[in-house]
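This briefing summarises selected features of the structure shown below. The points are grouped by topic for reference.

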Amino acid sequence: MTIQQVVFAVLAVAVIGAALFVVTTGNLFRGALMLILVFFGMAGFYVLLDNGLFAVAQVMIYIGAISILIIFAVMLTRGMQAMIPRNAQATGAAVAAAALFVAIFLAFGPLRLTVDFSAVPVLSALFRTETARTLGDVPWQYANQPVPETYIADFGRALVNINQYLLPFLLIAFLVDAVLAGAVHLARQRKPAELIAERREIAEEEAEEAAALRGAASPEPLPQGAMAATTTQDH
Amino acid sequence: MQNVINGIPLWWYLFVAAALFCIGLYGVLARKNAIAMLMGVELMLNSVNLNLLAFWRYLAPGSQAGLAFAAFIFVVAAAETAVGLALIISAYRSLRSVDPEKLDQLKF
């Protein structure tokens with residue numbers, strides 16, 4: 001085993017283990033911390049794929065921004081941290097996820113890439129395996145070449161090239177703009193209603209206190225005018 | 001073998017990505033907390049990115065298509081998290097809960 005294979009195995013075990021912890025734990029905060037471990041493992045995979053740019057971007061965007069956002073949300077929704085980890089359809093969800101994994105594995109996994117399906121009766125009807133591998137009907141083959149040293153510069157030029165990715169680049173910039181404005185709007189939308197509700201609660205509490213001071217003559221909460229009257233009596 | 005880079009065949013990456021995607025799918029379907037469901041979505045998006053970059057490295061390292069798709073997924077994931085968490089916090093303010101089963105009103 002080469003050192004890269006050992007690193008890959010360690011990363012794979014860490015990522016899959018941490019991901020399983022994330023989706024099964026009852027403590028949401030620990031789940032968020034384990035999610036950071038998953039993101040770090042993905043950055044390690046990108047390094048193994050000779051893609052330093054995306055490894056750094058992964059650390060900056062996922063760990064630096066998205067994990068922090070998630071941890072903020074976990075902290076802001078206190079009382080929800082310790083929770084019931086599963087809902088009623090958890091068993092069905094586990095079966096569905098396992099079935100999907102098996103399906104992916106059969107379609108595109110090592111079986112598809114190494115075993116000749118044409119010898120197996122049912123699978124030969126489902127999957128066409130030739131010596132030239134296909135994804136759908138598109139043939140593909142290994143490039144077997146190193147990453148060009150200028151791949152970052154090439155990528156940057158492709159993003160601003162009108163014949164390549166300029167339009168999606170602009171659209172995604174517009175999406176980020178709209179999302180930032182929308183997120184701010186959503187997060188502060190409830191504030192006036194909340195303030196009104198808080199004031200109403202405070203007023204009701206004052207009215208109850210005033211009623212308690214007067215004795216148990218009127219058990220139901222007092223109307224607004226009566227509350228104002230009691231406050232003037234106090235002075 | 002020509003399909004091995006750094007001693008690792010392509011299907012190792014595909015295996016990890018498929019496992020991560022299915023774990024994320026389970027998380028989205030089986031969780032009782034909206035933030036935990038969002039974490040499952042993040043796992044799925046990460047697995048897709050790993051798939052894209054693995055195919056980029058093994059099949060077309062000279063082209064920018066895989067990089068561009070992966071970069072756009074990064075941005076979409078960040079945007080989705082921002083909006084999702086804003087929605088969750090907004091709902092939490094009104095309902096004092098992040099259980100998606102309690103979010104059954106169109107207006108509150």
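In this predicted model, B:Asn49 is part of helix α2 of chain B, which covers residues 34-59. B:Asn49 counts as buried because its relative accessibility is 0%, under the 20% limit. The notes below begin with the surroundings of B:Asn49 and continue with charged residues and chain A.

**Surroundings of B:Asn49**
- Leaving aside residues up to four places away in sequence, B:Asn49 touches A:Tyr46 and A:Tyr62 in chain A.
- Within chain B, on that basis, the residues touched by B:Asn49 are B:Ala70, B:Ile73 and B:Phe74.

**Salt bridge between the chains**
- Over all chains, a search of the whole structure finds 2 salt bridges.
- One of them joins the side chains of B:Arg57 and A:Asp50, with an N to O distance of 2.9 Å.
- This pair crosses between chains: B:Arg57 belongs to helix α2 of chain B, and A:Asp50 to the loop between α2 and α3 of chain A.
- B:Arg57 counts as buried, since its relative accessibility is 5%, whereas A:Asp50 is partly exposed at 29%.

**Backbone at A:Asp50**
- The loop that holds A:Asp50 connects α2 (28-48) with α3 (52-76) in chain A.
- A:Asp50 is not a glycine, yet its phi is positive, at about 60°.
- Most residues other than glycine have a negative phi.

**Salt bridge within helix α7**
- The side chains of A:Arg157 and A:Asp154 also meet in a salt bridge, at 3.5 Å from N to O.
- Both residues lie in helix α7 of chain A (residues 151-159), 3 residues apart, or about one turn of the helix.
- A:Arg157 is exposed, because its relative accessible area is 54%, while A:Asp154 is partly exposed at 22%.

**Negative surface patch**
- A:Glu198, A:Glu201, A:Glu204, A:Glu205, A:Glu206, A:Glu208 and A:Glu209 form a negative surface patch.
- One of these residues, A:Glu204, lies in helix α9 of chain A, which spans residues 191-214.
- A:Glu204 is partly exposed, as its relative accessible area is 46%.

**Chain A as a whole**
- Chain A contains 10 helices and 2 strands.
- Starting at the N terminus, the order of elements in chain A is α-α-α-α-α-α-β-β-α-α-α-α.
- Chain A has 235 residues, of which 32% count as buried.
- About 14,500 Å² of chain A is exposed, and carbon and sulfur atoms supply 68% of that area.
- Among contacts in chain A with a separation of 6 or more, 42% involve residues 24 or more positions apart.

Terms used: Residues numbered from 1 in each chain as written. Chains lettered and ligands numbered in written order. Predicted model: local features only at pLDDT ≥ 70, side-chain atom pairs only at ≥ 80, totals over all residues. Heavy atoms only, no water. Patch = residues over 30% accessible without salt bridge, like charges linked within 9 Å, V, L, I, M, F, W, Y side chains within 5 Å. Areas by Shrake-Rupley, 256 points an atom, 1.4 Å probe, with all protein chains shown as cover. Salt bridge = Lys/Arg side-chain N within 4 Å of Asp/Glu carboxyl O. Lys, Arg positive; Asp, Glu negative; His and termini not counted. Charge placed at Lys NZ, Arg CZ, Asp CG, Glu CD. Helix = DSSP H or I, 4+ residues; strand = E, 2+ residues; numbered from the N terminus. Buried < 20%, exposed > 50% of the residue type's maximum accessible area, 1.4 Å probe, protein only. Contact = heavy atoms within 4.5 Å.
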